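Reader: I would like to go through this protein with you and learn how each label is earned. Could you show me the structure before I begin to ask?

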Amino acid sequence: MTHVVEPVVYDVVVIGAGPVGENVADRARAAGLSTAIVESELIGGECSYWACMPSKALLRPVVARADARRVPGLAGAVQGPLDTAAVLAHRDAYASHWKDDGQVAWLEGIGADIYRGHGRLTGTKAVAVTAPDGTEHRLTARHAVAVCTGSRAVVPGLPGIDGARPWTSREATSAKEVPGRLAVVGGGVVGVEMATVWGGLGAEITMLVRGKGLLPRMEPFAGELVAEALTEAGADIRTGVSVTSVRRGDPDGPVTVELDNGERVEADEVLFATGRAPRTDDLGLETVGLKPGSWLTVDDSCRVEGTTWLYAVGDVNHRALLTHQGKYQARISGAAIAARAQGVPLREDDRWGPYAATADHAAVPQVVFTDPEAASVGLTLAEAERAGHRVRAVDHDLGAVAGAGLYADGYRGRARMVVDLDREILLGVTFVGPGIGELLHSATVAVAGEVPLDRLWHAVPAYPTISEIWLRLLETYRG
C-alpha cells in the first residue's frame, strides 16, 4: 500500500537533478527561495555519469597520444598501445564510480531539499514524487516548477533490435572492456567521439552514416577533416546507407547489421548514436494541458508557453542539447523565477539582459573532442544565408599559422568566420584542427558580444600561438 506523506510547500520545485536542475536550484536558493529538487536516478545526471565527464576522460589519452605522435623527439616514444586498464580506471574516477555522494553533499550544502524518486506533475504547481519504497510525497510550488529531466538516446524500432542489445551513449561511455569490432550507426557528435575512443583503444571501427558525411550540423569541412583522420586511423566509414535490421543469434556472439544496399556488417557491439528524445513521456504533462513525450516550447526566460509558472530548462526545450547551454539556461531561468517571485518587472525588449537566453539563438558554442577537434559557435554559412543575412565566409588554413606548425608536424586544420556584411560583426566561427578547443571561447566572446570587426582588429594575438589565426582571418577579410 502506498504511504502518502503530508504535503509540503516550497517556493520552487525542480524535477531533475542533473547539471541543469542543480543550477536552477542553486539560483533559486541564492535568491532566498525555498527549493525542492527531485531525481529518479543519480544526482548529477547524464553529463556526470554517462556523457560529458566519462566521454572526455576516455578521449583525452587517445587525443593526447595522437598529438604526441606529431611532435619531433616525442613521436618515437608513444608508438605503442594505450594502457587500456588505466584509461578505463581514469574514466571510472571521473564518473565518480557511478556514485553521487559528492553531488548530494553539494545540493544539501546550498540548502535544497532532495527527494529521491519519480516526479510527476499532478496539476498546476503540484508535483507527486513516488519514492523507491513506494512512499508518495506531494509537493506544491508557490512560484515555479522547473522541468529539467533532460533527454534520452533514441534506438530505432528495427527488426531484431530487442535481442541485439545495442549500445547507446550510456553503454559506450561506461563499457568495461574494448570490443574487438564496433559498428557505429550515426555520424554526429556521439558517433565520431565514440569511434575515436574505441578505435584509439584498439577496436575495429565501422561507421554507418545515413547522410553524406559526418557532423552534418557544422560547416562541411569539419566533418570532412574528421572523416579523413578517422579513416587514416583505420575506421571504415560508409555514408549514404541505412540500417534495416540488427540481429544477434547467440546472446554471447556477434551482432549482424543489415543495410539497405544489401550489405551486412558483423561486429561484437553496435552503437546507435541516432538522436535524442525528451524525457517527458511519464511526467504528468497531460494534467496541465500539455502532450506527454513532447519537447516543451519556451520563451527566452525558459517559461513554457501558455503558462505563468512552468519552466522547461535544458534538453527538454530542444533549444540547444548541450550541458553548458543548459546550465546557461538555468542561470537565466533561475534569475527570472526569482525576479518574478519578488515582483520585479522583466523587460521583454532587453535582448541580452539577465532574463533572456539569447545565446541559444545567436551564440551556441560546441567542441567535438575528436582528432582533430572541431569547434564552432553561432551560425554556419548555410544557416546565416537561410536566415536572410547578407554574409561572407572568410576561410584560412590553420596549418599555415606559425603556432600550429610548432604544435604539431604536418598540422592540418581550417578556420572560417561568417561575417554579417551589413553590421560588420561575426555571426559564426568554426575551427577544425588539433588543440583548438580552448580557442573557441575567444570566438564565443566575439559572436555573443557582437564585436565590430574594426575593434577586433585591435585584439592582438600572442606570437607564436594558434590564436594568430584571428589575425590571418581578419587580414583575409580586409584584403
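Reader: In which loop is A357 found?

Author: This is a predicted model, and in it A357 is found in the loop between helix 10 and helix 11, the latter covering residues 359–362.

Reader: Why is A357 called buried rather than exposed?

Author: Buried means a relative accessible area under 20%; A357 has a relative accessible area of 0%, so A357 counts as buried.

Reader: What does A357 touch, leaving aside residues up to four places away in sequence?

Author: A357 touches D300, R319, Y328, Q329 and I332. For I332, which is 25 residues from A357 along the chain, the C-alpha atoms of the two residues are separated by 6.2 Å, while contact is judged on heavy atoms within 4.5 Å.

Reader: What makes R303 and D299 a salt bridge?

Author: The rule asks for a side-chain nitrogen of Lys or Arg within 4 Å of a carboxyl oxygen of Asp or Glu, and the closest N and O atoms of R303 and D299 are 4.0 Å apart, so the pair is counted as a salt bridge.

Reader: Why do R303 and D299 get their labels, buried or partly exposed?

Author: The label buried is kept for values under 20%, and partly exposed covers what lies between that and 50%. R303, with a relative accessible area of 19%, is therefore buried, whereas D299, with 27%, is partly exposed.

Reader: How do you know that E450 and R423 form a salt bridge, and which parts of the chain does the pair tie together?

Author: Their side chains meet at 3.8 Å, N to O, and the limit is 4 Å, so the pair qualifies. E450 lies in the loop between helix 14 (440–448) and helix 15 (453–456), and R423 lies in the loop between strand 20 (414–420) and strand 21 (425–433), so the salt bridge ties together parts that are 27 residues apart in sequence. With relative accessibilities of 23% for E450 and 43% for R423, each counts as partly exposed.

Reader: What about R170 and E46, and where do these two residues lie?

Author: The side chains of R170 and E46 meet in a salt bridge at 2.8 Å, N to O. The pair links distant parts of the chain, since R170 is in helix 7 (residues 169–174) and E46 is in helix 2 (residues 45–50), 124 residues apart. R170 and E46 are both buried.

Reader: What keeps D315 from being given a salt bridge?

Author: D315 is buried, and the nearest side chain of opposite charge, R276, is 4.9 Å away; the rule requires a distance within 4 Å, so D315 has no salt bridge. D315 is found in the loop between strand 16 (310–312) and helix 10 (323–341), and among the residues that D315 touches are G150, S151 and W295.

Reader: How do you know that the size of the whole protein agrees with a compact globule?

Author: With 479 residues, a compact globule would have a radius of gyration near 23 Å, and the protein has 24 Å, which agrees. The C-alpha trace spans about 70 × 65 × 40 Å along its principal axes, and buried residues make up 52% of the 479 residues.

Key:
Residues are numbered from 1 along each chain as its sequence is written. This is a predicted model: local features need pLDDT of at least 70, side-chain atom pairs count only at pLDDT 80 or more; totals for chains, interfaces and linings use all residues. Side-chain values use heavy atoms; hydrogens and water are left out. Helices (H or I, at least four residues) and strands (E, at least two) are DSSP runs, numbered from the N terminus. Buried means under 20% relative accessible area, exposed over 50%, partly exposed in between (1.4 Å probe, protein chains only). Lys and Arg count as positive and Asp and Glu as negative; His and the chain ends are not counted. The radius of gyration is taken over C-alpha atoms; the globule rule is 2.2 Å times the number of residues to the power 0.38.
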